[in-house]
Amino acid sequence: MEEHALIYDWNRTEPAFDWSQARVELNDETLRDGLQSPSARDPSLDVKKRLLHLMADLGIVGADIGLPAAGPRAAEHARALALEIRDQKIPITPNCAARTVIADIEPIVRISDELGVRIEVATFIGSSPIRQYAEDWTLEQMLRATAEAVSYAVGHGLPVMYVTEDTTRARPETLRALYGAAIDCGATRLCLADTVGHATPDGVRALVRFVRRDILRGRAVALDWHGHRDRGMGLINCLAAIEAGANRIHATALGVGERVGNAEMDLLLVNLNLLGAPRRDLARLPEYCRLVADAVGLPIPANYPVLGADAFRTGTGVHAAAIIKARRKGDAWLANRVYSSVPAEELGLAQTIEISSLSGISNVKHWLATHGYDADDEAACKVLLDAAKRTDHVLSEDECRGLLKVACR
């Protein structure tokens, strides 16, 4: 049977957006915002360089390589990463974060001048009334800081992405004033930031459309979206931003970042492919995620979508039986989709069938056959199935082999 006839896709019956036309770019924040996770370690420089190469392999075109003004280590790493991009000709455009303070921007200018690498300055300032009140800022102070910072970077030949922190809780008139000042001073990109993960998809769409309609008004200024996942909506908000007209989306590997983290770059990549956006090769995605998990010291949860240990693993009899039947048809495409919406083979992964208290004989026979035993050995089948029905967990390979060894004595 034709593959398209086996899945009726309600996602495409009333499309509000043509994903095949989505030419959105991706900016990786793992090496800056991702490392602001209070539980994360700062990886070695070798790991960071490796990550830049993996980002490029995944079709990511931009990367935040740090905040050089944060200290000597941050400046040293930002310089080394810019050098790696230059010397290895990595197709990644680097950017560096900076407050709207000349002292923060100056180290970026120095690195750029020294290496001959064009580094985008991501200069940021809080924009919400709650932030203004906490900081005792007036709008005039914010506009003056904006103009000085953007003018300084532009005057030194660097492109500027002007970032308003907490955009999703800022007043329209404040955004008009701040963005207008930044554009007038030469900023070529604006970044809308959901700094505390406040936005819903409706809020994202409203904000992006407002900025496009009331502020950009057709001007050649690009628009970025940067979101956090405090309310668990980081990923869906990225998709809403794309639908509303954002040109570039920020995310981090595994969603690492400040507090509970940023939107998940890996899940964004997978969903863009599944939605029908121009395809990216995701074969290196597991390596990218595992490298970050190991380097920052944050293990991937077993139930994490796509990359978690349980993503393509089942011990349930009904599920296993369907997968096994699909494999017997000699159809890997079918076996990878009958109980999964994500095609494991595109990530170099495969469905795994285990034995648990919820298993049936299909699980047992499959396990025996794939581990070098006779699947038709009734005694072996009984030993494993009986043990499974008495246990409270999935039987490990060592447990299964131990049970069979005892039974064969």
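This passage describes the two largest pockets of a predicted model and three helix pairs that make contact in it. Because the model is predicted, local features are reported at a pLDDT of at least 70 and side-chain atom pairs count only at pLDDT 80 or more, whereas totals for chains, interfaces and linings use all residues. Residues are numbered from 1 along each chain as its sequence is written, and side-chain values use heavy atoms, with hydrogens and water left out.

Pockets were located on a 1 Å grid over the protein atoms alone, a pocket being an open set of points where a 1.4 Å probe fits, with protein on both sides within 12 Å along at least five of seven lines, and lining residues being those with an atom within 4 Å of a point. Grid points are joined across faces, edges and corners, and the volume is the space filled by probe spheres set on the points. The largest pocket holds about 930 Å³ of space and has a lining of 30 residues, among which D9, N11, R12, L274 and L275 lie nearest its centre. Two elements, helix 8 (234-244) and helix 9 (265-275), give two or more residues to this lining, and the largest share, five residues, comes from helix 8; helices (H or I, at least four residues) and strands (E, at least two) are DSSP runs numbered from the N terminus. The lining of the largest pocket divides into 13 nonpolar, eight polar and nine charged residues, where Ala, Val, Leu, Ile, Met, Phe, Trp, Tyr, Cys and Pro count as nonpolar, Asp, Glu, Lys and Arg as charged, and the others, Gly among them, as polar.

The second largest pocket contains about 310 Å³ of space, and of its 20 lining residues R32, D33, F124, E165 and H226 are the closest to its centre. At least two residues of this lining are supplied by each of strand 4 (120-126), strand 5 (160-165) and strand 6 (189-194), with strand 5 providing the largest share, three residues. By class, eight nonpolar, five polar and seven charged residues line the second largest pocket.

For the helix pairs, axes are lines fitted to C-alpha atoms over the stretch in contact, and angles run from 0 to 180 degrees between N-to-C directions. The axes of helix 9 and helix 10 (residues 285-296) come within 10 Å and cross at roughly 165°, which makes helix 9 roughly antiparallel to helix 10 (angles over 145 degrees count as roughly antiparallel, under 35 as roughly parallel, 65 to 115 as roughly perpendicular and the rest as oblique). Helix 9 passes helix 10 in a left-handed crossing, a crossing being left-handed if the near helix is turned anticlockwise from the far one by less than a right angle, and right-handed if clockwise. Contact (heavy atoms within 4.5 Å) is made by M265, D266, L269 and V270 of helix 9 and by L285, Y288 and C289 of helix 10; these residues comprise six nonpolar, no polar and one charged.

The axes of helix 5 (residues 139-155) and helix 6 (residues 172-184) come within 9 Å and cross at roughly 25°, so that helix 5 is roughly parallel to helix 6, and the crossing is right-handed. The contact involves L139, M142, L143, T146 and V150 of helix 5 together with T174, A177, L178, A181 and A182 of helix 6, of which eight are nonpolar, two polar and none charged.
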